[in-house]
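Reader: I am new to this structure. Please show me how to read its features one at a time.

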Amino acid sequence: MRTDGRGLDNIAPEGTPTDVVRAQVERILASPGFATSERHSKLLRHLVSMSLAGRGAEIKEYALGVELFGRGDSFDPSTDAIVRTEASRLRAKLKAYYGGDGRDDPVVVDLPARSYVPVFNARKTPATDAVSPPGDRRRSWFWILTALLITVGTIVYGAYRAGHAKTSGVADVGDGGDVASVAVLPFVNSDSDPAVEQFADGLTEELIETLAEIEGIRVVSRSSAFQFKGKQEDIRTIAAKLNVGAVLEGTVRRSGKRWHITARLINAAAGYPYYSHVYEPEFKDAVTVQREIAAHVASALRIRQKAQEVARFTNSPEAHELYLRGLNHASRVSESELRQAIDCFRRAIGYDPNYSPAYAGLADTYVVMGLLNEGDTTATRQRAEAAARSAVKTGATFAHAHAALGSVLALYNWDWAGAEKEFRKAIEEDPDDSSILQQYAMRYLAPQSNLDSALFELQLAQRVDPYSPNVILNRGKVECLEREPERALTDIHSALGLDSELEVGPLALAEAYVQSSRFDEASKTLQECSAPTEDEARLAALGRVYGLTGRPERARQVLEQLAELDRHYQHVSGYYFSQVYLALGEKSVALGWLERAAEERSPQIVYVKVAPQFDGLRAEPRFLALLKRIGLGR
């Protein structure tokens with residue numbers, strides 16, 4: 001039974017059910033997930049209070065924005081998604097709470113989708129009230145009646161679904177757990193042809209992206225799904241590891257001038273297929289069949305979707321193929337691969353100048369290059385911003401376009417309000433995209449010291465992407481920023497265990513060792529690291545270790561190496577010089593280098609507020625002025 005505060009009071013005039021709800025809310029707010037989140041605690045308390053007072057109809061998006069989130073009278077909910085985004089985050093936190101600390105609580109507080117009026121569900125029935133006083137008996141009967149109504153409603157709804165399944169010819173999805181969660185396993189190459197292998201991987205990635213756009217389906221991301229490529233594991237085991245109710249698998253081979261593609265959507269709990277189909281498109285119709293499979297999967301899962309929700313952003317198969325190749329290169333995060341990604345995205349735009357995903361991919365690749373100190377800072381910034389704005393202009397509903405622009409506004413323009421607006425639009429469009437959640441956590445929340453919120457977003461990302469080494473590594477990085485090195489070491493080692501080739505992993509590992517005063521292990525890790533993409537960052541970290549351990553000559557040798565790189569090979573941000581000088585105790589020189597980095601708008605500068613490397617400068621007036629200059633002085 002669902003009811004609001006007035007309904008509870010009508011059933012129990014003494015107001016006890018309302019008191020029970022209030023007690024439940026206080027229990028939620030005292031939990032770890034809410035105790036460290038003032039914004040979501042305030043929102044939940046306000047919504048519940050309004051509902052229990054019988055004022056649910058008065059809860060409006062505009063009023064919430066002005067009263068709770070500090071927006072002025074000019075607040076426009078149609079252009080500023082803060083209320084919708086925070087409500088979405090609140091729903092996720094409530095779900096996380098009831099999946100953990102609150103799993104046995106008697107009352108479930110829920111915030112339905114597209115609503116700001118909470119509902120309250122009784123979940124636990126007292127075993128007996130035989131020895132209860134009269135007041136307790138009345139309350140017990142209230143919860144018993146509620147539980148019975150919930151049970152009867154569930155049985156009736158289940159019977160309806162079963163009957164409808166028989167008439168529709170689609171297997172009932174109610175007996176397989178959360179089947180609206182899907183893992184698309186890498187399609188198997190049935191030929192020995194490498195071209196078939198490439199197409200099979202591209203088909204898998206396309207299906208993941210297409211299904212993720214459909215409201216109501218949670219799709220495991222590529223990095224987690226591809227962990228099982230080539231492995232002979234039982235479908236039920238894979239589904240349990242990925243926490244999904246359904247698995248899509250298939251095979252690909254050539255057949256003359258056509259592809260021969262089999263696809264099966266399997267009920268993970270029962271082990272039988274919801275549907276199985278053979279597709280034989282011509283080579284030129286490969287993109288079309290990807291959409292067709294996704295539409296069949298959505299239909300089999302009984303998810304209502306509009307045609308535009310599965311439509312792609314281009315009619316050019318050449319542009320789309322180049323976009324997928326660009327994503328593949330960009331995921332490898334090295335200078336040569338990033339430059340190949342840029343080439344692919346540019347060529348895709350050449351085929352379709354209105355292809356928003358290609359612009360978004362191009363923008364984010366430039367952002368990553370800037371963070372890795374690759375290329376000219378000014379040119380990289382300009383190209384990233386131009387591509388991000390083109391992505392938003394050509395595809396305002398494409399979530400990654402807004403995330404790319406949010407990254408540019410935060411890292412280069414220091415426009416934190418603008419970045420927040422763009423990231424919230426991105427999350428509103430696609431609240432379950434692991435990549436966007438990670439960008440929001442690492443590029444917007446972390447630089448502003450909102451580390452608890454950053455960890456929460458990474459927790460959401462990991463639910464979608466449980467086997468992603470990048471998510472786990474980012475969590476370790478944030479734990480380093482929180483000065484929790486032991487927790488960080490655990491996560492960083494886990495990430496490197498999943499992918500030993502992570503180029504940025506050794507640097508994060510070394511920082512955690514430094515915080516733990518394990519300087520020998522930090523030095524060894526940095527000396528053994530050979531990733532060229534992180535060379536200046538690695539050298540700076542090594543110089544810092546030398547300075548902190550009383551080896552100034554070695555630290556100055558590192559400074560010479562950085563200067564040599566800067567003179568002859570590529571520009572090195574003052575951010576890196578600064579941390580070595582600070583480890584040597586030369587605060588004034590260190591501040592000068594940071595000020596130079598800010599002048600050049602090196603994207604690394606936004607992390608000075610939280611980076612442990614600069615703890616020795618926290619009280620310096622020049623440092624405080626620098627924070628104010630980049631919009632982080634609060």
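Author: Start with the largest nonpolar core of this predicted model. It has 115 residues. Leu594, Ile605, Val608 and Phe614 touch the most other members.

Reader: Which residues is isoleucine 605 in contact with, leaving aside its neighbours within four places in sequence?

Author: Isoleucine 605 is in contact with Trp414, Tyr575, Leu594, Ala597, Ala598, Leu626 and Ile630. Apart from the largest core lies another core, of 29 residues. Among its members are Ile59, Phe75, Ala87 and Val109.

Reader: Tyr575 belongs to helix 27. Why is helix 27 said to be largely enclosed by the rest of the structure?

Author: Count its buried residues. Helix 27 covers residues 574-583, and 10 of the 10 are buried, so the helix is largely enclosed by the rest of the structure. Among the buried residues are Gly574, Tyr576, Gln579 and Ala583.

Reader: Which helices do the buried residues of helix 27 pack against?

Author: There are four entries to find. They are helix 15 (356-371), helix 25 (535-548), helix 26 (552-568) and helix 28 (587-599). Look just after helix 27 too. Glycine 585 takes a positive phi of about 85° there.

Reader: Now the strands. Which way do the residues of strand 2 point?

Author: In a regular strand the side chains alternate between the two faces of the sheet. In strand 2 (residues 119-122), Val119 and Asn121 point one way. Phe120 and Ala122 point the other way. All of these residues are buried.

Reader: In which sense do strand 1 and strand 2 pair?

Author: Strand 1 (residues 107-110) and strand 2 pair in the antiparallel sense, over 4 bridges. Aspartate 110 stands opposite valine 119.

Reader: Next, a single residue. Is alanine 384 buried or exposed?

Author: Check the relative accessible area. Buried means under 20%. Alanine 384 has 0%, so this residue is buried. Alanine 384 lies in helix 16 (residues 377-394). Not counting residues up to four places away in sequence, alanine 384 touches Ala363, Tyr366, Val367 and Val408. Its C-alpha atom is separated from that of alanine 404 by 8.3 Å, and the two residues are 20 apart along the chain.

Reader: And serine 41: buried or exposed?

Author: Serine 41, in helix 4 (residues 38-52), is buried, with a relative accessible area of 13%. A polar atom of the serine 41 side chain lies 2.8 Å from the backbone oxygen of phenylalanine 34. Leaving aside neighbours within four places in sequence, serine 41 is in contact with Leu29 and Phe34.

How values were computed:
Residues are numbered from 1 along each chain as its sequence is written. This is a predicted model: local features need pLDDT of at least 70, side-chain atom pairs count only at pLDDT 80 or more; totals for chains, interfaces and linings use all residues. Side-chain values use heavy atoms; hydrogens and water are left out. Buried means under 20% relative accessible area, exposed over 50%, partly exposed in between (1.4 Å probe, protein chains only). Helices (H or I, at least four residues) and strands (E, at least two) are DSSP runs, numbered from the N terminus. Contact means heavy atoms within 4.5 Å. Two strands pair if DSSP finds at least two bridges between them. A nonpolar core is a set of buried Ala, Val, Leu, Ile, Met, Phe, Trp, Tyr and Cys residues joined through side-chain atoms within 4.5 Å. A polar contact is a pair of N or O atoms within 3.5 Å; within protein, one must be able to donate a hydrogen and the other to accept it, and residues adjacent in sequence count only if both atoms are side-chain atoms.
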